[in-house]
Amino acid sequence: MGAEAAKEFGTRDALQPGFVVNERASSRVADAVDSEPHDPRQELGAAELRILYRTEAQAKRRKEARPGLWIAVVIYVLFSVSDLLLIPDVAALTITARFAVGLTALLVLEAQLRRGAATDWLDVTCAAAIIFGYIGWLYPASMGANKETVAYYMVFGTIFMMSANLFFTFRFKVSIITSTIILCILYVVNYFLPASLAYKMVFGTFYVSCFTFTSYVNWKLNEERYNVFLNALEAKIQHNEATERGKALLRLSRTDPLTGLENRRAIDEKLRDYWNDWQKLGHGFAAILIDVDFFKKFNDCYGHQEGDRCLIQVAEALSDLIKQYDGSIGRYGGEEFIVLARMGRKDQVADLAEAICRTVENLAIAHELRRDGIAIVTASVGAAFTRKQTAAKLEKIIHEADRALYLAKAGGRNCVRLFDPTDPQSSDESENLAALLKIAIGQDLVSLVYQPIQDVASGRVEAVEALMRLKMLDGTLVPPSLFIPVAERTGAILELGRWAIRTVCAELLAQDHVRVVSVNVSPIQLKTPGFATSVATILGETGVTGNRLAFEITEGLEMEMHSDILRCISDLKLLGIRIWLDDFGTGFAGLSWLRLIDFDTVKIDRSFLHDCGTPKGMAMLQDIIALVRNRGHKILVEGVETEEQMLLMRQFGIDKVQGFHVGRPAPAANFQTKRAIQKRPFTVLKSA
Ligand code: C2E
Ligand code: MG
Ligand code: MG
């Protein structure tokens, strides 16, 4: 799991605007997705909730203070009309008081708002306005001559009480104090009013009832407001959580569960963004593919858990590196990663690719069972970058990076290759070849030539090797060194390989022209399920027995020993087919292959014979011959070109030889008369 710990999905976090979940902590994300919604009452203490409520209520009160007071003042001033009608003798005084109190209250409130005074002070101003408004009206009114009218008019005092409790949304304490003051003033005035006892009792009771009911309703309202606040808070939290869960699910669908990096789907979308920026704004970018070398071997050797750990370590190290380049990294599948980074110059891309390669190397994760002398985990890196070209396509840059990666692997791994459009191996030419290979069999562009293999002791051609030839539509020949790798990469080798075996059987073996034909078989074919069965079918169809065929296997690029390959080889042996090891000594795997597979014949690569000119080279060839002989395999030396080399082979007691001295590859027709082959001098074949 990633180095950073994942954050909890708590309510408090969910309430914070910048709430983020660690990208890599996908399991935590999954937990959060499964978790129950939260109740704020369980999550926060009562005191904290009250504080939250007060903060929220304060904002509301603040907003309502200005319109509340303005409305109250306007109504209060409008009551001047009833003053004029009911108490005309003191109306001038009451009206003056109304205006004075009203205007003063408004001025004070506006000044407070402008200065950003605390909400509690706004409440005090409004409460004072109520009290002074009440006194400002009642006091001059009570000085009037018509006491009876004043006694009726006083009933409006309850309105002041109501506005303290119900009209304004003061804090409960402020409401109660204000309405109590009003109640007291009412009582005082009621006491001194020259009215009957019955009147005073009725009014006194009415004031108290009014005070009690409005205070009670105010208290209930406050309670209700708090509940509404709690419900709203709960709804908000649930909404936040639902949104977070949605985001987490989305993140999960875009995250690689093992490494926490973006998965292929997510990185493909990013790639589209990078591409669009390149197309619209001209921001160039690099696409870099990284493949952990011999990872299958690592898994086989250390187990899958350790393999997972290795991938996580590589992912973390690379994502730390990529941060410095402001790029994106994702897991492209298996042991393959992809990096996208905005850059336009080739040297920048090369630097980044090199840094990636070195970063993996510097992790120094032990990988003892590699066969190439390196004992740590390394990566092969293939990079491509945007360049101006016609008919540019998004997929192309990945394809180019893939080509470069292929070349990095071919170049011995633990290295970097940049896509080079001028390199025929990686250019459009290989695209053309891939297309050509698809139609090769149908269009008769592919054929076989056969090179004789001579038994040294008898001097007879005991077998021939089938070699594939491909011509382009205009008849130009394409060398196998070019088209075989493309066929292997694209999978075309599967069909071509079957075709070759069928053709060999039909052209030479069915009519008994040659005793044994060796056919080159790619490890890709051996790895493919059903290959041995398809060979058995061909043998059945052509009526050829398996012992007339030999399959030559070369250590290729993807030559990690696969259990499927071993199984396939033993199936082929059951069919009677002999297995030869081709080009021995040129790859890494030769020796371990010798240990694992009982080869009938080992073909020693021609380079060893050609190096024989020096004592060192000669000693090397002798050592290799001794090694192979001691393992009990028959020995075939390739590349015999001269009589001297031939003599040497006899001297060394080699079993079979092949090379231009024996005969060059020639079409089937040259071998189709059995006797002709055996009697024909080799010189004739040489010129074929
Ligand atoms: P290979 O199997 O080692 O084939 C021998 C190659 O050495 C042939 O090259 C042959 O022409 C060349 N050769 C033979 N004698 C001499 C000699 O005396 N001197 C020199 N300098 N070269 C000699 P070719 O035909 O170009 O084939 C190259 C490679 O392509 C083959 O190497 C084999 O690995 C691959 N290949 C050819 N046909 C097939 C096929 O049908 N299937 C697969 N999978 N690979 C094939
Ligand atoms: Mg061969
Ligand atoms: Mg060979």
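**Figure 1. Four protein donors hold the magnesium ion (ligand 2) in this predicted model.** The donors are Glu465 (OE), Asn520 (OD1), Glu552 (OE) and Asp582 (OD). They lie 2.1 to 2.2 Å from the ion. Along the chain, these donors follow the spacing E-x54-N-x31-E-x29-D. Glu465 sits in strand S7 (residues 461–471), and Asn520 sits in strand S9 (residues 516–521). The pair therefore ties together parts that are 55 residues apart in sequence. Are these two residues buried or partly exposed? Glu465 counts as buried, because its relative accessibility is 4% and the limit for buried is under 20%. Asn520 has a relative accessible area of 30%, so Asn520 is partly exposed.

**Figure 2. The magnesium ion (ligand 3) has protein donors in Asp582, Asp583 and Glu638.** The donor atoms are OD of Asp582, OD of Asp583 and OE of Glu638. Their distances from the ion run from 1.9 to 2.4 Å. The spacing of these donors along the chain is D-D-x54-E. Asp583 belongs to strand S11 (residues 578–584). Glu638 belongs to the loop between strand S13 (634–637) and helix H26 (643–652). Asp583 and Glu638 are 55 residues apart, and the pair links distant parts of the chain. Glu638 has 8% relative accessibility, so Glu638 counts as buried.

**Figure 3. Asp582 bridges the magnesium ion (ligand 2) and the magnesium ion (ligand 3).** How far apart are the two ions? They are 3.7 Å apart. Asp582 coordinates both.

**Figure 4. Helix H25 (residues 615–630) packs on helix H26.** The angle between the two helices is about 40°. Their axes are 12 Å apart. Angles from 35 to 65 degrees fall in the oblique class, so H25 is oblique to H26. H25 passes H26 in a right-handed crossing. Which residues meet here? From H25 come Met618, Leu621, Gln622, Ile625 and Arg629. From H26 come Leu648, Met649 and Phe652.

**Figure 5. Helix H6 (residues 91–115) packs against four named helices.** H6 has 25 residues. From its first C-alpha to its last, H6 reaches 36 Å. That is close to the 36 Å expected at 1.5 Å a residue. The buried residues of H6 include Ala91, Thr94, Ile95, Ala97 and Arg98. Also among them are Val101, Gly102, Ala105, Leu106, Leu109, Gln112 and Leu113. What do these buried residues pack against? Their partners are helix H4 (46–78), helix H5 (80–86), helix H7 (119–142) and helix H8 (147–153). Just after H6 comes Gly116, with a positive phi of about 70°.

**Figure 6. Ser179 is a buried residue in helix H10 (residues 172–192).** The relative accessible area of Ser179 is 0%, so Ser179 counts as buried. Which residues does Ser179 touch, leaving aside its neighbours within four places in sequence? Ser179 is in contact with Met161, Ala164, Asn165, Phe211 and Ser215.

**Figure 7. The whole chain contains 28 helices and 15 strands.** The chain has 688 residues, and buried residues make up 47% of them. Consider the contacts in the chain with a separation of 6 or more. Residues 24 or more positions apart account for 69% of these contacts.

Notes:
Residues numbered from 1 in each chain as written. Chains lettered and ligands numbered in written order. Predicted model: local features only at pLDDT ≥ 70, side-chain atom pairs only at ≥ 80, totals over all residues. Heavy atoms only, no water. Donors = N, O, S within 2.8 Å, 3.2 Å for Na, K, Ca; no water. Buried < 20%, exposed > 50% of the residue type's maximum accessible area, 1.4 Å probe, protein only. Expected span 1.5 Å × (residues − 1). Contact = heavy atoms within 4.5 Å. Axes fitted to C-alpha atoms, helices over the stretch in contact; angles between N-to-C directions. Parallel < 35°, antiparallel > 145°, perpendicular 65-115°, else oblique. Left-handed = near helix turned anticlockwise from the far one by under 90°.
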